[in-house]
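Reader: I've got the model open and would like a close look at a single part of it. Give me the overall picture, then take me slowly through whichever part you pick.

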Amino acid sequence: MSNRRRVILITDGDEYAKRAIEHVAHEVGGRCISLSQGNPSLLTGEELIKLIKKAANDPVFVMFDDSGLVGEGAGEKALKYVATHKEIEVLGIIAVAAKTHQAEWTRIDVSIDRDGELTHYGVDKHGIPELEIGRLNGDTVYCLDELDVPIIVGIGDVGKMARRDHYERGAPITKKAVELILERSGFRDERERTNMADT
């Protein structure tokens with residue numbers, strides 16, 4: 001069995017995102033690297049790997065944010081470092097939409113709109129479906145197409161979307177994205193088998 005840490009990457013890092021991700025991580029029995037919060041990201045890939053290794057449980061949630069900077073910013077550099085690290089297994093990525101002037105975009109496998117519905121269209125930062133299939137605009141998504149991960153889920157602004165994803169409401173859109181990643185990656189089935197074997 002692999003000793004690699006299983007992680008979910010989120011391309012957002014503001015305070016609303018942090019609170020939403022912390023809540024969802026607790027709900028699914030994982031851990032959020034709260035220190036990865038930052039707009040833009042402040043920690044390097046090397047620093048994040050050390051924190052991931054110290055996390056008590058998988059899945060480990062890590063946030064990255066370029067704060068709208070042009071090109072590959074600190075958030076994307078750290079994201080690529082973590083995603084390609086030999087001791088890390090990426091279960092999936094939550095690609096967060098943004099109103100970006102640079103028009104950075106990524107392919108996505110599926111989106112979840114502000115009503116919690118799955119769609120093949122991208123969504124905007126408010127969680128409203130866009131016109132293009134399989135594509136999402138954001139500010140920390142430029143490098144995602146280069147990564148080999150099981151699934152990329154597009155959603156609107158984490159913890160926001162006209163309060164529909166607010167952490168006080170349980171961050172339901174973010175939680176649905178996480179549950180989809182845990183299901184598609186096989187992590188949930190593996191954990192259930194482990195729990196059954198332990199009883």
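Author: Five helices and eleven strands make up the secondary structure of this chain (DSSP runs numbered from the N terminus, with H or I over at least four residues for a helix and E over at least two for a strand). The radius of gyration is 15 Å, close to the 16 Å that the globule rule gives for 199 residues, so the chain is as compact as a globular protein of that length (C-alpha atoms only; the rule is 2.2 Å times the number of residues to the power 0.38). Along the principal axes, the C-alpha atoms fill a box of roughly 50 × 35 × 30 Å.

Keep in mind that this is a predicted model, where local features need pLDDT of at least 70 and side-chain atom pairs count only at pLDDT 80 or more, while totals for chains, interfaces and linings use all residues. Numbering starts from 1 along each chain as its sequence is written, and side-chain values use heavy atoms, with hydrogens and water left out.

Of the 199 residues, 51% count as buried (under 20% relative accessible area, with over 50% being exposed and anything in between partly exposed; 1.4 Å probe, protein chains only). Take the contacts between residues at least 6 apart in sequence, and 75% of them join residues at least 24 apart (a contact is heavy atoms within 4.5 Å).

Now for the part I'd zoom in on: F187 and what surrounds it. F187 sits in helix α5, which covers residues 187-198, and with 4% relative accessibility it counts as buried. Set aside the neighbours within four places in sequence, and F187 touches R6, D58, P59, L91 and L182. Look at L91 in that list: it is 96 residues from F187 in sequence, yet their C-alpha atoms are 7.6 Å apart.

Two other partners of F187, D58 and P59, are worth a click as well. The peptide bond from D58 to P59 is cis, with omega near 0°, and P59 belongs to the loop between α2 and β3 (60-63). There's another cis bond to look up, from N39 to P40, where omega is about 10°. P40 is in the loop that runs between β2 (31-32) and α2 (45-54). Most peptide bonds are trans, and most residues other than glycine have a negative phi.

That brings me to M161 and A162, both in the loop between β11 (152-155) and α4. M161 has a positive phi, near 55°, without being a glycine, and A162 also has a phi near 55°. Their surroundings are another matter: M161 is buried at 2% relative accessible area, whereas A162 counts as exposed at 55%.

From that loop you can carry on into α4 itself. Helix α4 (residues 172-184) packs with helix α1 (residues 15-27) at an angle of about 50°, the axes being 10 Å apart (lines fitted to C-alpha atoms over the stretch in contact, with angles from 0 to 180 degrees between N-to-C directions). That makes α1 oblique to α4 (under 35 degrees is roughly parallel, over 145 roughly antiparallel, 65 to 115 roughly perpendicular, and the rest oblique). On the α1 side the contact is made by I21, V24 and E27, and on the α4 side by T174, K175 and V178.
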